[in-house]
Amino acid sequence: RGVPGRGEGTIVAALWREPVAAPLASILLRKRELTAELLDVGKMIEPARAARGATRSMPEDVARLREILQRQGDRALRGESTVEEDAEFHSVLAHAARNRVVLKVLDVLMDLLRETRVRSLQVEGRLQKSFAGHRRVLEAIRRRDPDAAERAVRRHLEEIESIVMEKL
(Lines give C-alpha, C1' and ligand atoms only; values in the text may rest on other atoms or scores of the structure.)
Protein backbone atom coordinates (compact mmCIF):
# COMPACT_ATOMS: atom_id res chain seq x y z
CA ARG A 1 0.00 0.00 0.00
CA GLY A 2 1.26 3.56 -0.64
CA VAL A 3 3.69 2.32 -3.29
CA PRO A 4 2.46 3.17 -6.75
CA GLY A 5 1.49 0.26 -8.93
CA ARG A 6 3.02 -0.41 -12.23
CA GLY A 7 2.18 2.20 -14.89
CA GLU A 8 0.69 4.88 -12.56
CA GLY A 9 3.55 7.31 -13.28
CA THR A 10 2.58 7.34 -16.94
CA ILE A 11 -0.35 9.67 -16.29
CA VAL A 12 1.86 12.22 -14.51
CA ALA A 13 4.48 12.03 -17.27
CA ALA A 14 1.80 12.59 -19.94
CA LEU A 15 0.43 15.63 -18.10
CA TRP A 16 3.92 17.01 -17.62
CA ARG A 17 4.58 16.90 -21.38
CA GLU A 18 1.32 18.72 -22.20
CA PRO A 19 2.32 22.18 -23.43
CA VAL A 20 1.33 24.85 -20.94
CA ALA A 21 1.73 27.65 -23.45
CA ALA A 22 -1.22 26.66 -25.67
CA PRO A 23 -3.96 27.06 -23.02
CA LEU A 24 -2.42 30.32 -21.77
CA ALA A 25 -2.19 31.70 -25.30
CA SER A 26 -5.83 30.74 -25.86
CA ILE A 27 -6.92 32.53 -22.68
CA LEU A 28 -4.97 35.67 -23.62
CA LEU A 29 -6.42 35.64 -27.15
CA ARG A 30 -9.96 35.31 -25.80
CA LYS A 31 -9.32 38.16 -23.36
CA ARG A 32 -8.01 40.36 -26.19
CA GLU A 33 -11.06 39.52 -28.34
CA LEU A 34 -13.47 40.20 -25.47
CA THR A 35 -11.78 43.52 -24.68
CA ALA A 36 -11.99 44.53 -28.36
CA GLU A 37 -15.71 43.69 -28.38
CA LEU A 38 -16.35 45.59 -25.14
CA LEU A 39 -14.52 48.64 -26.52
CA ASP A 40 -16.61 48.32 -29.69
CA VAL A 41 -19.81 48.39 -27.65
CA GLY A 42 -18.55 51.55 -25.99
CA LYS A 43 -17.97 53.14 -29.40
CA MET A 44 -21.54 52.26 -30.38
CA ILE A 45 -23.13 53.74 -27.27
CA GLU A 46 -20.94 56.49 -25.81
CA PRO A 47 -20.80 58.97 -28.73
CA ALA A 48 -24.60 58.97 -29.04
CA ARG A 49 -24.91 59.28 -25.27
CA ALA A 50 -22.57 62.29 -25.29
CA ALA A 51 -24.61 63.95 -28.04
CA ARG A 52 -27.74 63.42 -25.95
CA GLY A 53 -25.92 64.75 -22.89
CA ALA A 54 -25.00 67.93 -24.76
CA THR A 55 -28.66 68.75 -25.24
CA ARG A 56 -30.00 67.42 -21.93
CA SER A 57 -27.25 68.27 -19.46
CA MET A 58 -27.95 70.61 -16.58
CA PRO A 59 -25.60 73.30 -15.29
CA GLU A 60 -24.78 71.06 -12.30
CA ASP A 61 -23.62 68.31 -14.72
CA VAL A 62 -21.22 70.71 -16.40
CA ALA A 63 -19.97 71.94 -13.02
CA ARG A 64 -19.41 68.37 -11.86
CA LEU A 65 -17.58 67.42 -15.07
CA ARG A 66 -15.40 70.51 -14.68
CA GLU A 67 -14.58 69.58 -11.06
CA ILE A 68 -13.73 65.98 -12.02
CA LEU A 69 -11.53 67.22 -14.85
CA GLN A 70 -9.70 69.57 -12.47
CA ARG A 71 -9.09 66.69 -10.07
CA GLN A 72 -7.97 64.43 -12.90
CA GLY A 73 -5.52 67.07 -14.14
CA ASP A 74 -4.09 67.66 -10.65
CA ARG A 75 -3.60 63.94 -10.03
CA ALA A 76 -2.07 63.39 -13.48
CA LEU A 77 0.46 66.17 -12.81
CA ARG A 78 1.46 64.41 -9.60
CA GLY A 79 1.78 61.13 -11.50
CA GLU A 80 -1.05 59.55 -9.51
CA SER A 81 -3.68 57.14 -10.82
CA THR A 82 -6.75 58.80 -12.32
CA VAL A 83 -8.83 55.63 -12.67
CA GLU A 84 -11.54 56.90 -10.31
CA GLU A 85 -11.80 60.27 -12.06
CA ASP A 86 -11.93 58.52 -15.45
CA ALA A 87 -14.83 56.31 -14.33
CA GLU A 88 -16.58 59.21 -12.61
CA PHE A 89 -16.30 61.42 -15.71
CA HIS A 90 -17.92 58.76 -17.90
CA SER A 91 -20.60 58.13 -15.27
CA VAL A 92 -21.54 61.82 -15.07
CA LEU A 93 -21.68 61.96 -18.88
CA ALA A 94 -24.06 59.00 -18.86
CA HIS A 95 -26.17 60.70 -16.16
CA ALA A 96 -26.30 63.90 -18.24
CA ALA A 97 -28.07 62.00 -21.04
CA ARG A 98 -31.02 61.53 -18.64
CA ASN A 99 -31.57 57.91 -19.62
CA ARG A 100 -31.45 55.38 -16.78
CA VAL A 101 -31.09 52.38 -19.12
CA VAL A 102 -28.01 53.85 -20.80
CA LEU A 103 -26.62 54.71 -17.38
CA LYS A 104 -26.97 51.08 -16.22
CA VAL A 105 -25.55 49.64 -19.46
CA LEU A 106 -22.52 51.93 -19.23
CA ASP A 107 -22.04 51.08 -15.55
CA VAL A 108 -21.79 47.40 -16.49
CA LEU A 109 -19.48 48.17 -19.42
CA MET A 110 -17.17 50.27 -17.23
CA ASP A 111 -17.06 47.50 -14.62
CA LEU A 112 -16.13 44.93 -17.27
CA LEU A 113 -13.38 47.20 -18.59
CA ARG A 114 -12.09 48.30 -15.17
CA GLU A 115 -8.97 46.13 -15.15
CA THR A 116 -8.17 47.19 -18.72
CA ARG A 117 -8.59 50.88 -17.79
CA VAL A 118 -6.39 50.49 -14.71
CA ARG A 119 -3.58 48.96 -16.76
CA SER A 120 -3.94 51.29 -19.73
CA LEU A 121 -3.85 54.41 -17.54
CA GLN A 122 -0.33 53.33 -16.51
CA VAL A 123 0.91 53.46 -20.11
CA GLU A 124 3.12 56.47 -20.75
CA GLY A 125 1.15 59.31 -22.32
CA ARG A 126 -2.24 57.72 -21.57
CA LEU A 127 -3.09 60.06 -18.68
CA GLN A 128 -2.47 63.09 -20.88
CA LYS A 129 -4.57 61.67 -23.74
CA SER A 130 -7.39 60.84 -21.38
CA PHE A 131 -7.30 64.33 -19.88
CA ALA A 132 -7.22 66.01 -23.30
CA GLY A 133 -10.09 63.83 -24.51
CA HIS A 134 -12.19 64.62 -21.46
CA ARG A 135 -11.46 68.33 -21.89
CA ARG A 136 -12.73 68.23 -25.51
CA VAL A 137 -15.87 66.39 -24.41
CA LEU A 138 -16.53 68.85 -21.58
CA GLU A 139 -16.14 71.81 -23.92
CA ALA A 140 -18.67 70.34 -26.37
CA ILE A 141 -21.12 69.59 -23.54
CA ARG A 142 -20.65 73.09 -22.14
CA ARG A 143 -21.41 74.60 -25.58
CA ARG A 144 -24.44 72.25 -25.87
CA ASP A 145 -23.08 71.06 -29.22
CA PRO A 146 -24.23 67.45 -29.78
CA ASP A 147 -22.19 66.92 -32.98
CA ALA A 148 -18.99 68.12 -31.33
CA ALA A 149 -19.71 66.00 -28.24
CA GLU A 150 -20.22 62.91 -30.38
CA ARG A 151 -17.00 63.57 -32.34
CA ALA A 152 -15.03 64.27 -29.18
CA VAL A 153 -16.12 61.04 -27.50
CA ARG A 154 -15.51 58.99 -30.64
CA ARG A 155 -11.99 60.42 -30.98
CA HIS A 156 -11.32 59.88 -27.27
CA LEU A 157 -12.44 56.24 -27.43
CA GLU A 158 -10.42 55.56 -30.59
CA GLU A 159 -7.27 56.99 -28.97
CA ILE A 160 -7.80 54.88 -25.87
CA GLU A 161 -8.60 51.77 -27.91
CA SER A 162 -5.34 52.05 -29.84
CA ILE A 163 -3.36 52.20 -26.58
CA VAL A 164 -5.30 49.38 -24.92
CA MET A 165 -5.12 46.98 -27.86
CA GLU A 166 -1.43 47.68 -28.43
CA LYS A 167 -0.63 46.79 -24.83
CA LEU A 168 -2.86 43.70 -24.55
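1. From the N terminus on, the elements of this predicted model run α-α-α-α-α-α-α-α in the protein chain. The chain holds eight helices and zero strands, where helices (H or I, at least four residues) and strands (E, at least two) are DSSP runs numbered from the N terminus.

2. Residues are numbered from 1 along each chain as its sequence is written. Local features need pLDDT of at least 70, side-chain atom pairs count only at pLDDT 80 or more, and totals for chains, interfaces and linings use all residues, while side-chain values use heavy atoms, with hydrogens and water left out.

3. Of the 168 residues in the protein chain, 39% are buried (under 20% relative accessible area, 1.4 Å probe, protein chains only). The accessible surface comes to about 10,500 Å², with 57% belonging to carbon and sulfur atoms (Shrake-Rupley method, 1.4 Å probe).

4. The largest nonpolar core (buried Ala, Val, Leu, Ile, Met, Phe, Trp, Tyr and Cys residues joined through side-chain atoms within 4.5 Å) has 18 residues, and Leu65, Phe89, Leu93, Val137, Leu138, Ile141 and Ala149 touch the most other members. Two or more residues each come from α2 (21-56), α3 (59-77), α4 (83-96), α7 (126-143) and α8 (146-167). The largest share, five residues, is that of α8.

5. Beyond its neighbours within four places in sequence, Ile141 is in contact (heavy atoms within 4.5 Å) with Ala50, Gly53, Ala54, Ser57, Val62, Leu65, Leu93 and Ala149. A second, separate core of 10 residues includes Leu38, Leu39, Leu106 and Val164.

6. Among contacts in the protein chain between residues at least 6 apart in sequence, 80% join residues at least 24 apart.

How values were computed. Buried means under 20% relative accessible area, exposed over 50%, partly exposed in between (1.4 Å probe, protein chains only).
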